[in-house]
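Please explain how the aromatic and nonpolar residues of this chain are arranged, and where its backbone and surface call for comment.

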Amino acid sequence: MADQSSPPVDQLSAVTLTSTAVPESQFSQRVPIRSILNRSDGGAELAGNTAKVGGWVKTGRKQDKGSFAFLEVNDGSCPANLQVIVDAGIWNLGQLVQTGTCVHVEGVLQVPPEGKTQKIELRASKVIDVGTVDPAKYPLPKTKLTLEFLRDFVHLRPKTNTISSIARIRNQLAFATHTFFQEHGFLYVHTPIITTSDCEGAGEMFQVTTLINDAEKLEKELIKNPPPSEAELEAAKLIVKEKGEIVGQLKSAKASKQEITAAVSELNKAKEDLSRLEERSKLKPGIPQKDGKIDYAQDFFARQAFLTVSGQLQVETYACALSSVYTFGPTFRAEHSHTSRHLAEFWMVEPEIAFADIQDDMNCAEAFVKFLCKWLLEKCLDDMKFMVEKFDKSAIDRLKMVSSSDFVRISYTEAVAILEEASKERTFENKVEWGIDLASEHERYLTEVKFKSPVIVYNYPKGIKAFYMKVNPDNKTVAAMDVLVPKVGELIGGSQREERYEVIKERILEMGLPLEPYEWYLDLRHYGTVKHSGFGLGFERMLLFATGMDNIRDVIPFPRYPGRADL
């Protein structure tokens with residue numbers, strides 16, 4: 001239906017002259033739609049002001065026999081769209097109404113007619129630029145698309161409402177992470193992505209090597225320029241011998257210095273040529289080997305190297321000097337898993353605190369999770385409402401519950417006893433007994449059914465935990481803790497670290513790990529050892545918990561998993 005209250009396009013220039021321009025983004029020639037629609041008045045008080053907006057058309061339709069068009073435009077700054085009205089006299093409406101079209105327009109903000117849900121709209125007076133879309137080829141039509149389908153278009157899926165909302169939530173959680181630790185006096189440390197240590201001792205690591213590329217290059221080079229034959233080597237040796245004899249003869253004949261110098265120069269050149277030939281003769285196609293094993297001394301780092309599974313060990317070096325530190329970055333696991341909870345590349349938040357025991361560690365973890373939940377409720381409520389509407393009706397209530405609850409704390413032994421009692425009335429897929437690593441179903445029972453609250457389980461059997469965790473006086477358990485939350489189960493894993501040199505050395509050997517790669521780690525216990533603790537929060541798991549999404553591949557911008565590494 002035509003908007004009868006909107007001024008004709010030929011009158012808009014006069015309106016523009018008397019109106020005030022809404023301030024543009026400092027580094028962009030547009031007014032963020034969020035700054036218009038997220039005002040307490042919904043933008044209504046901006047009516048009569050001019051504004052430039054840019055974004056992508058979510059939906060578009062021609063009205064009044066094609067005399068003008070309504071465009072729902074979104075620029076990614078918030079989930080809401082701004083309605084833009086464009087008259088046929090200023091642009092080809094057929095180009096503008098297609099879903100996915102990029103538009104950059106200037107116009108006057110106006111209050112829509114009564115009965116409309118939006119509080120403000122833009123009447124375009126000028127179309128500055130258009131990025132057109134061929135609707136016959138555009139893979140993201142207006143129809144509802146499955147998340148599985150969108151994974152085949154990771155370069156385009158940020159244009160969808162779901163992925164853009166998740167991106168904003170992810171951004172806010174990252175901001176909140178840095179805010180929390182900075183406000184508590186932690187130092188942000190960039191730990192290496194390439195490492196020679198296996199933090200978890202699991203061995204499921206991506207190897208970093210140039211040996212394969214080097215071998216391929218060498219193979220091509222040897223085909224193009226084959227290594228010298230024995231005859232060529234003998235000929236080169238003969239030349240060296242002859243040049244040497246000439247030098248000897250000149251010296252015996254007491255030739256001039258100039259003649260001897262020239263002869264010595266030719267001899268040196270012959271020796272260099274022979275040396276190059278001998279080096280090339282040693283070149284063999286394939287991966288270099290020594291004693292029947294790959295010779296990593298020939299690799300880029302002169303030893304085996306991997307993509308990190310955790311920055312914890314490295315960040316401990318700074319905790320043992322600067323007290324309170326954290327790292328936040330990508331980690332990698334070469335695990336051939338296709339479940340909805342596993343990625344090959346994921347992000348971890350890992351604080352490390354000197355002069356802190358397991359109680360301090362649990363206190364920090366609880367405060368951090370509560371802070372993240374409160375932050376989303378305060379800073380990202382519009383996107384959280386979208387997630388509630390489309391995916392998980394309990395998402396906001398879950399954030400409120402966790403942010404306001406005192407986390408229940410129970411020992412591993414107590415948790416197993418509770419689960420054994422529960423197994424008399426319900427069936428768990430994984431058997432419950434002391435010594436097992438709690439499965440997701442066990443964790444979720446504790447937090448969703450038994451306590452209906454976040455739960456921290458501590459003092460796990462040392463046989464199922466990593467070598468660096470402090471051994472308790474009972475010599476059966478370690479000072480480890482896991483934070484369990486509804487929806488995902490384990491959200492955080494942490495521990496007090498073993499600061500005693502002999503104990504941690506013995507633990508490394510118990511795990512069947514070589515001491516040599518961890519000598520530097522043992523040095524931290526040799527030189528000024530200190531009681532310290534830390535934990536790791538899986539960032540994507542936090543996003544699953546917050547948003548209610550079911551698959552971890554949908555909460556990271558560029559998911560990597562077996563068989564897929566797009567872009």
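**Aromatic pairs, cores and surface**

Phe 181 and Tyr 326 are both buried. The model is a predicted one, and these two rings make a convenient place to start. Phe 181 and Tyr 326 form a stacked aromatic pair, with 4.9 Å between the ring centres and 25° between the planes. The pair links distant parts of the chain: Phe 181 belongs to helix α5 (residues 161-183) and Tyr 326 to strand β12, with their positions 145 residues apart. Both rings also belong to one aromatic cluster, made up of Phe 175, Phe 180, Phe 181, Phe 186, Tyr 188, Tyr 326, Phe 368, Phe 371, Trp 375 and Phe 535.

Across the whole structure, a search finds 22 aromatic pairs. Another of them joins Phe 68 and Phe 70, which are edge-to-face at 5.3 Å centre to centre, with 90° between the planes. Phe 68 and Phe 70 are both buried.

Two further rings have a charged side chain over them. Lys 465 lies over the face of Tyr 460, 4.3 Å from the ring centre. At Tyr 561, the charged end of Arg 553 sits over the ring, at 3.6 Å from its centre.

Phe 181 appears again in the nonpolar interior. The largest nonpolar core has 63 residues, and Phe 181, Met 481, Ile 492 and Leu 537 are the ones that touch the most other members. Helix α10 (residues 358-379) gives the most to this core, contributing 11 residues. A second core, separate from that one, has 34 residues and includes Leu 313, Val 432, Ile 508 and Leu 515.

Where does helix α17 (residues 539-547) stand with respect to the rest of the structure? Of its 9 residues, 8 are buried, so helix α17 is largely enclosed by the rest of the structure. The buried residues are Phe 539, Glu 540, Met 542, Leu 543, Leu 544, Phe 545, Ala 546 and Thr 547. An α-helix has 3.6 residues a turn, so residues three or four places apart point the same way. In α17 the buried positions include Phe 539, Met 542 and Phe 545, and also Glu 540, Leu 544 and Thr 547. Gly 548 follows α17 and has a positive phi, near 85°.

Positive phi values also occur in residues other than glycine. One is Lys 254, with phi near 50°. Lys 254 lies in the loop between α7 (230-252) and α8 (257-282), and it counts as exposed because its relative accessibility is 73%, where the cut-off for exposed is over 50%. Another is Ser 323, which is not a glycine but has a positive phi of about 80°. Ser 323 is in the loop between α9 (312-322) and β12 (324-332), and at a relative accessible area of 29% Ser 323 is partly exposed. Strand β12 is also the element that holds Tyr 326 of the stacked pair.

The surface carries nonpolar side chains as well. Ile 193, Ile 194, Phe 300 and Phe 301 form a nonpolar patch there, with about 380 Å² of accessible area together. Within this patch, Phe 301 is placed in the loop between β10 (293-294) and β11 (305-307). With 38% relative accessibility, Phe 301 counts as partly exposed.

Conventions
Residues numbered from 1 in each chain as written. Predicted model: local features only at pLDDT ≥ 70, side-chain atom pairs only at ≥ 80, totals over all residues. Heavy atoms only, no water. Helix = DSSP H or I, 4+ residues; strand = E, 2+ residues; numbered from the N terminus. Buried < 20%, exposed > 50% of the residue type's maximum accessible area, 1.4 Å probe, protein only. Phe/Tyr/Trp six-rings, centres within 6.5 Å; stacked < 30°, edge-to-face > 60°. Lys NZ or Arg CZ within 6 Å of the ring centre and 35° of its normal. Patch = residues over 30% accessible without salt bridge, like charges linked within 9 Å, V, L, I, M, F, W, Y side chains within 5 Å. Areas by Shrake-Rupley, 256 points an atom, 1.4 Å probe, with all protein chains shown as cover. Salt bridge = Lys/Arg side-chain N within 4 Å of Asp/Glu carboxyl O. Core = buried A, V, L, I, M, F, W, Y, C linked by side-chain atoms within 4.5 Å.
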